[in-house]
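Here is a short walk through one model. Keep the coordinates open and follow along.

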Amino acid sequence: AAEWKLKLKLDSALSNDAELRLGIRYQGDAARVYVGDELLTDNWFAGYSGDGQLEVGLTYLKNEYPSLLKDGAEVRVLILPLKEATLKENVFLRREFWPDFGSSDSVVSLDGVDVYAVSKTSLTAGGAQSLQQLSPALDLKASTTWEGHNRIVAKDQKLAFCLVPKIATCNFIELFNTLNGEPAKANNTDKPNAEGAMPESLGISWSTVNREKGWKFAFFVRDPLERYLSAWGSKCMPNVDGVLEGEGRSCKGTVLTGTESEEMKIKAFEERALQDAARGTPQDDAHWQPQVSILRDCGFDKFSPLKDTYVGRLSGDVNGQVEAMLREVGVSNTPELVAQYFPEQGVNGHHSEDHDFAQYYRKQSVVDAVKKLYKVDYERLRHLFGSP
């Protein structure tokens, strides 16, 4: 990869109260931005150019990396060359969005770096109907799903939890809904009632959720090898009921019919893992993103294994771990409550086909490929995973 070391001039921008972002314009394949050896964000070429091609929220990350908001802050940018053959053979992208390769068979360049301030505003309307009229393309149903809302709370117990997709998220939502006295399921559906556990729905400002006010914090982790296989098994093929979750939109790759032989499924999984590793980054979907990225979204200032946080693991005695978490915040009738959603013999609500871990990871090259994809998780959370 080509590497650039950048020193940011922030003296004039620091006097502005607006949110600061670092914008990077480049040509190449995968790109990553580091402060020291810590990965801040990554990106891969999608044909978009100009403002917003690759961004780092300097203000957003200030609690985790205070040095980012100091004049003279240094970051590193690594960019992999984009080969013309890749666009011809492996990646579909309309030719008008290709970079100019000229007489070369690959391209890599850093075209510009900007630090800019972003101001926020609020859009209000008299109701859902008028909001829909303001923006017909707005998906008003999005707010009724739990996806994209990773922070939930148990109000009376003052317990905040960071949901990490593919780590029993639906079960935790239903558990926290019960703690809040809300319906576990959304109206007339088999889906969890996400809004019942969101701080905003409970009249809680997230800024007031902190240790100084008596709140406790928790999250669960899962070995990335298990989590990646689970994501593929639930998003890229129908479940045991014959239902393809989200119509396959979160697969971000080849979707199977579910009628394939076990050997064909294993080979499809192996191909997918190697393809993802060759691209260099996980798919841009919460189910595939590193756990560290999800925890950063929830807020490392609150959800960090280095702080006074309860950390569980989706392996071994999950029932016992969830009970221990609730006992820390004084929940009564813990065994009966936890057993509804985390029975001792397994986790309720999972309809995905079980996959033989040893068979799907029979090749060391596939193990290495997935570990490469989730290097940041293994670097920062390895001590929490245990053995799959």
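Helix 6 (residues 291-298) lies across strand 10, strand 11 and strand 12. Against strand 11, helix 6 runs at about 140°. The model is a predicted one, and confidence comes up again at the end.

Now take the sheet itself. It is open, has 4 strands and follows the order 10-11-12-13. The pairing is mixed. Strand 10 (151-154) and strand 13 (309-313) form the edges, each pairing on one side only. On average, neighbouring strands of this sheet are turned by 25° against each other, direction ignored. Helix 3 (residues 169-179) also packs on the sheet. Helix 3 touches strand 10, strand 11 and strand 12, and its direction makes about 35° with that of strand 10.

Next, the strand pairs. Strand 11 (residues 159-162) runs parallel to strand 12 (residues 216-221), and 4 bridges link the two. To find this pairing, start at Leu159, which stands opposite Lys216 in strand 12. Then go to Phe161, whose bridge partner in strand 12 is Ala218. On to strand 13: strand 12 joins it through 5 bridges, again in the parallel sense. Here Phe219 faces Val311 of strand 13 as its opposite residue.

How many residues of strand 12 are buried? The count is 5 of 6, so strand 12 is mostly covered, where buried means under 20% relative accessible area.

Turn to a helix pair. Helix 4 (residues 224-235) packs with helix 5 (residues 262-279) at an angle of about 120°. Their axes are 11 Å apart. The crossing of helix 4 past helix 5 is right-handed. Which residues make the contact between helix 4 and helix 5? Helix 4 brings Tyr228, Leu229 and Trp232. Helix 5 answers with Lys265, Ala268, Phe269, Arg272, Ala273 and Asp276. By class, the contact holds 6 nonpolar residues, 3 charged ones and no polar ones.

Finally, confidence. The chain has a mean pLDDT of 83, and 84% of its residues reach 70 or more. Where is confidence lowest in the chain, and where is it highest? The low end is helix 2 (residues 128-134), with a mean of 38. The high end is strand 11, at 97. Residues 125-148 have pLDDT below 50. Beyond near neighbours in sequence, this stretch still has 25 contacts in the model.

How values were computed. Residues are numbered from 1 along each chain as its sequence is written. This is a predicted model: local features need pLDDT of at least 70, side-chain atom pairs count only at pLDDT 80 or more; totals for chains, interfaces and linings use all residues. Side-chain values use heavy atoms; hydrogens and water are left out. Axes are lines fitted to C-alpha atoms, for helices over the stretch in contact, and angles run from 0 to 180 degrees between N-to-C directions. A crossing is left-handed if the near helix is turned anticlockwise from the far one by less than a right angle, and right-handed if clockwise. Contact means heavy atoms within 4.5 Å. Ala, Val, Leu, Ile, Met, Phe, Trp, Tyr, Cys and Pro count as nonpolar, Asp, Glu, Lys and Arg as charged, and the others, Gly among them, as polar. Two strands pair if DSSP finds at least two bridges between them. pLDDT is the predictor's confidence in each residue, from 0 to 100. Buried means under 20% relative accessible area, exposed over 50%, partly exposed in between (1.4 Å probe, protein chains only).
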